[in-house]
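Welcome! Below is a short tour for anyone meeting this structure for the first time. Have a look at the picture, then read on.

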Amino acid sequence: MTQKLIKNGTIVTSDKTYKANLLIEGEKISQIGEGITADGAEIIDAQGLLVLPGGVDPHVHLDLPMFGTVSSDDHYTGGKAAAFGGTTTLIDFVSQDQGSLEENIIRWRAHAEQKASVDFGFHMNITRFNGQVAEELTTLASLGVTSVKVFTAYNNRLRLPDGEIFKVMRIAGRHNLLTMVHAENGDIIDVLVDEALMAQKTTPIWHARTRPGWGEVEASLRAVAIGAQAEAPVYLVHMNVAGEVDQLAYGRHKGVSVMGETCPQYLFFTYREYERPDGAKWVCSPPMRDLEDQVRLWQGLEDGTIQVLATDHCPFYFDGSKPIIYEGKPIAIPGKELGKDDFTKIPNGLPGVGDRLPIFWNSAVNTGRITPNQFVKITAENPARVFGLYPQKGSLTVGADADIALWDPELELEYGVKVAQHRTDHNLYESTTLTGFPVQVYQRGNLLVKNREWYGKPGMGKFLPRAAGEII
Ligand code: URP
Ligand code: ZN
Ligand code: ZN
């Protein structure tokens, strides 16, 4: 069995920071301690570096078909981008297409396994509900898929009525599944979109104006309340409104098992981005909000009301008519230009899986808002716990997978599309100077990234059957 000894590094976990050596045997962490040695082991000198667990991003959309195109990172390129940013575990979504839930999962798993460059799990979207689906939900956990996502928006496409959401949650609660909720008000969005289009309001700012924050506040409380009545745990995805964080806090205060995530884009941008000539880059659902919302989201992360920082990574080219060179070959994938005359046709989503850790470190840890330990908790340990992957993932403990990011807290670089490895033509943080970046990344003991060189391959990432998650 191959051995690798990470020497002289500073280990950072959710509750401790300490100097120790870490021994990897095969794919696992086998020892951690001062003065550990191993004859014949490959020595990795981590002097001056922090040893972090690989990040866990529980919200990505890889190869997702939308509006006649597809999100431009697949399970290979998205995993590669993640790894360059220090993330080694992704959880993607299975669409409820033709056939049973199991058939959809088998099909998407086969599709992803050929390409995946980092380990991945799945959530199951429930966008159609009937007696058959109710039955299938009872055995979903046995397939290693222990979370479902439901939508209170995207009428006539993805949305379920509240009664069906209640039924899904009730089954989920009884069968070890966590229900994730996309909480917006689909009815009001439809009215506002129709009115905007009738008035020929077609620019990207109308994406934000037709999806008001109040819809999220109301729908997130509805989600919490339905969860309470179904006696089931709830997880609010992509939270971005101050009032939504208040509803999460209210639910938790009332003893409801509700947790939630926000994403970096909501911490750093506002609806004003949509007024830029390239505003379409920020079109995702829900949209960017206001400065006061940012303040509440930061507070929620700092005080633990919000448990997870995910990304909702779902990139599209800004101009997909022009190829970019990816791994030496030109590739063009239709993107945001599809909606140049109509904001409702702009594919919803943005890149972020590789940005998450360095951008958050730079703004949260370097400023002292978040400790390195909280950083590990929010970006690796908590998502692993909530989604049933802990301690295999998101932890530096003996027996855990050797998913490790060696982090140089002093490394300064100018970030942007050339550094981030997303397969798209832009980066939302272009020209931001960052301090702190991963310099080596390992997955199950295998080197993926060293000094900005890629060592991964398609198919290296394994499907992760997940256990029932924790309520934290
Ligand atoms: O705009 C987004 N977020 N696209 C992905 C789908 C979703 O609702 O998360
Ligand atoms: Zn969503
Ligand atoms: Zn999403």
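## Cysteines without bonds

Counting sulfur pairs within 2.5 Å, we arrive at zero disulfides. Take C284, which belongs to no disulfide: the nearest cysteine sulfur is that of C263, and it lies 8.0 Å away. Please keep in mind that this is a predicted model, and that these distances come from it.

What about C314? Its sulfur is 9.0 Å from the closest cysteine sulfur, the one in C284, and that is too far for a bond. As a reminder, a disulfide is a covalent bond between the sulfur atoms of two cysteines.

Are these two residues buried or exposed? C284 is buried, with a relative accessible area of 2%, and C314 also counts as buried, at 3% relative accessibility.

## The chain as a whole

Stepping back, the secondary structure of the protein chain adds up to 12 helices and 21 strands. The chain is as compact as a globular protein of its length, because its radius of gyration, 21 Å, is close to the 23 Å that the globule rule gives for 472 residues. Along the principal axes, a box of roughly 70 × 50 × 40 Å holds the C-alpha atoms of the protein chain.

How do parts of the chain that are apart in sequence meet? Take the contacts between residues at least 6 apart in sequence: 75% of them join residues at least 24 apart.

## Inside and outside

How much of the protein chain is buried? Of its 472 residues, 62% count as buried. On the outside, the protein chain exposes about 17700 Å², and carbon and sulfur atoms supply 50% of that area.

The charges can be summed up too. The protein chain has 45 positive and 58 negative charges, and the mean positions of these two groups are 1 Å apart.

## A closer look at G300

To finish, let us zoom in on a single glycine. G300 sits in helix α10, which covers residues 291–303. With a relative accessible area of 0%, G300 is buried.

Which residues does G300 touch, leaving aside those up to four places away in sequence? They are V245, T305 and I306. Another residue to find in the picture is G260, 40 residues from G300 along the chain; the C-alpha atoms of G260 and G300 are separated by 9.9 Å.

Definitions and conventions:
Residues are numbered from 1 along each chain as its sequence is written. Chains are lettered from A and ligands numbered from 1 in the order in which they are written. This is a predicted model: local features need pLDDT of at least 70, side-chain atom pairs count only at pLDDT 80 or more; totals for chains, interfaces and linings use all residues. Side-chain values use heavy atoms; hydrogens and water are left out. Helices (H or I, at least four residues) and strands (E, at least two) are DSSP runs, numbered from the N terminus. The radius of gyration is taken over C-alpha atoms; the globule rule is 2.2 Å times the number of residues to the power 0.38. Buried means under 20% relative accessible area, exposed over 50%, partly exposed in between (1.4 Å probe, protein chains only). Contact means heavy atoms within 4.5 Å. Accessible areas come from the Shrake-Rupley method with a 1.4 Å probe; for residues, only the protein chains shown count as cover. Lys and Arg count as positive and Asp and Glu as negative; His and the chain ends are not counted. The place of a charge is taken as NZ of Lys, CZ of Arg, CG of Asp or CD of Glu.
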